[in-house]
Amino acid sequence: MDIVTSALLTDLYELTMLEAARAAGTASRRCVFEVFTRSLPEGRRYGALAGTGRVLDAIADFRFDDADLRYLRRTGALGEETLEHLASYRFTGDVHGYAEGELYFPGSPVLRIEGTFENAVLLETVVLSILNHDSGVASAGSRMVTAARGRPLIEMGGRRVHEDAAIAAARAAYLVGFASTSNLAAGAHYRVPVAGTSAHAFTLLFDGEEDAFRAQLATQGAGTTVLVDTYDVDSAVRTAVEIAGPALGAVRLDSGDLAAQAHEVRALLDSLGATSTRVTATGDLDEHRLEELKGAPLDGYGIGTRLVTGGGHPAPGFVYKLVEREGADGQMHPVGKRSTDKATLGAGKAAYRMVVGDRARAELVLPGEAEVAEFERELTAELISGTSNPDWARTRLRPLQVPLIEGGEDVAPRRAPARLEAARERHAASLAELGLSPDEGPDGEIAIPTVTDGAEAARVLG
């Protein structure tokens with residue numbers, strides 16, 4: 001389905017709320033919305049933010065063209081005055097948020113949207129759709145990269161999701177450290193390196209495995225990767241080395257006991273003189289399987305289903321909540337839900353990573369600039385007193401929110417590939433701050449606490 005604009009990537013109630021607010025005379029009140037998640041999936045130590053670049057593109061394209069308006073008119077859900085308003089809609093507010101690739105934790109305000117109610121409320125669904133999908137893939141993929149312990153990973157899950165989601169998933173996987181993708185559309189649009197050689201169907205096409213290998217090697221060269229588990233692994237490896245010689249690039253295992261087979265294949269390749277030929281593995285892998293394979297002589301992995309579906313947690317649970325709005329007095333007032341288990345802390349918030357030395361110790365989320373200034377005064381007072389914990393002297397606050405859109409315009413417009421490379425670098429640096437070791441395993445307690453006042457921060461530092 002070709003979508004020219006992004007305006008219909010939304011829910012009807014965004015538009016009916018707009019119409020009712022306009023009728024009540026409150027649509028033009030200034031508002032602050034925040035995007036955050038209340039919790040992380042069980043066992044996840046952090047989340048990885050992905051999709052921000054795609055959100056900026058979606059906001060730029062969020063406008064109602066003639067076809068959109070004809071459709072909305074046919075639904076009968078909106079009045080003509082509302083439709084006329086939508087015809088000229090453009091987002092003219094401001095957006096601040098975490099840099100794409102940054103880590104997030106419960107309560108992290110990863111995006112803050114400021115504008116009038118009628119200008120900002122319409123973005124809720126498309127923003128959440130993108131961030132929940134892309135961050136779900138990225139959060140799972142980051143764990144896989146850590147578990148792989150430096151071995152390169154190929155994203156190859158395109159056939160397991162919607163075709164457009166496949167492109168976004170490949171982008172998110174590359175952002176968190178995957179080396180390449182099998183998806184050509186992701187390669188073309190985002191310049192993600194692409195990789196791929198052959199499937200079992202190719203081997204089965206030929207009268208014999210030797211003929212299949214000869215055909216592949218003839219077109220792709222000795223550096224290619226041959227799939228060796230269609231029939232008998234031992235025989236396939238011997239045949240491939242006999243044809244290609246010791247320059248054979250790699251062999252791929254896709255089924256069975258991968259750990260045991262990897263040891264056997266490595267020994268066989270070495271005995272045949274193919275000591276530089278790599279052994280790779282695919283087949284329903286995830287971070288937990290990679291952890292089990294850490295001692296196997298494998299040189300890389302291909303990962304599909306468990307990656308592109310978020311590793312069992314496809315939606316991180318991001319929500320888009322009104323936290324501050326203009327009152328009848330013309331002043332801004334914090335607002336928030338009070339319902340059980342879904343209470344919202346009102347006021348637009350500032351967020352910082354509290355770093356001691358080169359290690360992150362807490363996510364500091366404070367409601368307003370005054371609270372930030374007060375915390376900094378407390379920190380300074382502790383240092384001047386000379387009686388503070390030595391960690392205070394090594395503490396710095398790394399600002400997490402950066403301007404993304406001001407007055408409806410992208411602050412730093414970039415081509416999609418450049419945005420992606422910057423996000424990939426940000427993720428690597430942010431993850432390094434946690435100091436997590438692969439030997440700690442994929443699951444564990446949340447890496448750092450989210451604190452909302454100076455007293456809590458002081459307790460974190462001891």
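**Exercise 1. Which residue with positive phi follows α7?**

Solution. This is a predicted model. Step to the end of helix α7, residues 163-175. The helix is followed by Gly177. The phi of Gly177 is positive, near 120°.

**Exercise 2. Check the length of α7 against its residue count.**

Solution.
1. Count the residues: α7 has 13.
2. Apply the rise of 1.5 Å a residue, taken one time fewer than the number of residues.
3. The expected span is therefore 18 Å.
4. Compare with the model: the end C-alpha atoms of α7 are 19 Å apart, which agrees.

**Exercise 3. How many residues of α7 are buried, and which are they?**

Solution.
1. Use the cut-off: buried means under 20% relative accessible area.
2. Count: 10 of the 13 residues of α7 pass, so the helix is mostly covered.
3. List them: Ala165, Ala166, Ala168, Ala169, Ala170, Arg171, Ala172, Ala173, Tyr174 and Leu175.

**Exercise 4. Is Tyr174 buried or exposed, and what does it touch?**

Solution.
1. Locate it: Tyr174 sits in helix α7.
2. Classify it: the relative accessible area is 8%, under the 20% cut-off, so Tyr174 is buried.
3. Find its partners, skipping residues up to four places away in sequence. Tyr174 touches Ala179, Val192, Pro193, Leu420, Glu421 and Arg424.
4. Look for a polar pair: the side chains of Tyr174 and Glu421 make a polar contact at 2.8 Å.
5. Take a distance: the C-alpha atoms of Tyr174 and Thr82 are separated by 41 Å, with their positions 92 residues apart along the chain.

**Exercise 5. Place Glu406 and describe its surroundings.**

Solution.
1. Assign the element: Glu406 lies in strand β17, residues 401-406.
2. Classify it: 44% relative accessibility falls between the 20% and 50% cut-offs, so Glu406 counts as partly exposed.
3. List contacts, leaving aside neighbours within four places in sequence: Gly93, Asp94 and Val411.
4. Check a pair remote in sequence: Glu406 and His96 are 310 residues apart along the chain, yet their C-alpha atoms are separated by 8.5 Å.

**Exercise 6. Describe the whole protein in numbers.**

Solution.
1. Elements: 18 helices and 19 strands.
2. Extent: the C-alpha atoms fill a box of roughly 85 × 70 × 40 Å along the principal axes.
3. Burial: of 462 residues, 50% count as buried.
4. Contacts: among those with a separation of 6 or more, 75% join residues 24 or more positions apart.
5. Surface: about 20,500 Å² is exposed, and carbon and sulfur atoms supply 51% of it.
6. Charge: the mean positions of the 47 positive and 67 negative charges lie 2 Å apart.

Definitions and conventions. Residues numbered from 1 in each chain as written. Predicted model: local features only at pLDDT ≥ 70, side-chain atom pairs only at ≥ 80, totals over all residues. Heavy atoms only, no water. Helix = DSSP H or I, 4+ residues; strand = E, 2+ residues; numbered from the N terminus. Buried < 20%, exposed > 50% of the residue type's maximum accessible area, 1.4 Å probe, protein only. Contact = heavy atoms within 4.5 Å. Areas by Shrake-Rupley, 256 points an atom, 1.4 Å probe, with all protein chains shown as cover. Lys, Arg positive; Asp, Glu negative; His and termini not counted. Charge placed at Lys NZ, Arg CZ, Asp CG, Glu CD. Polar contact = N/O pair within 3.5 Å; in protein donor to acceptor, adjacent residues only side chain to side chain.
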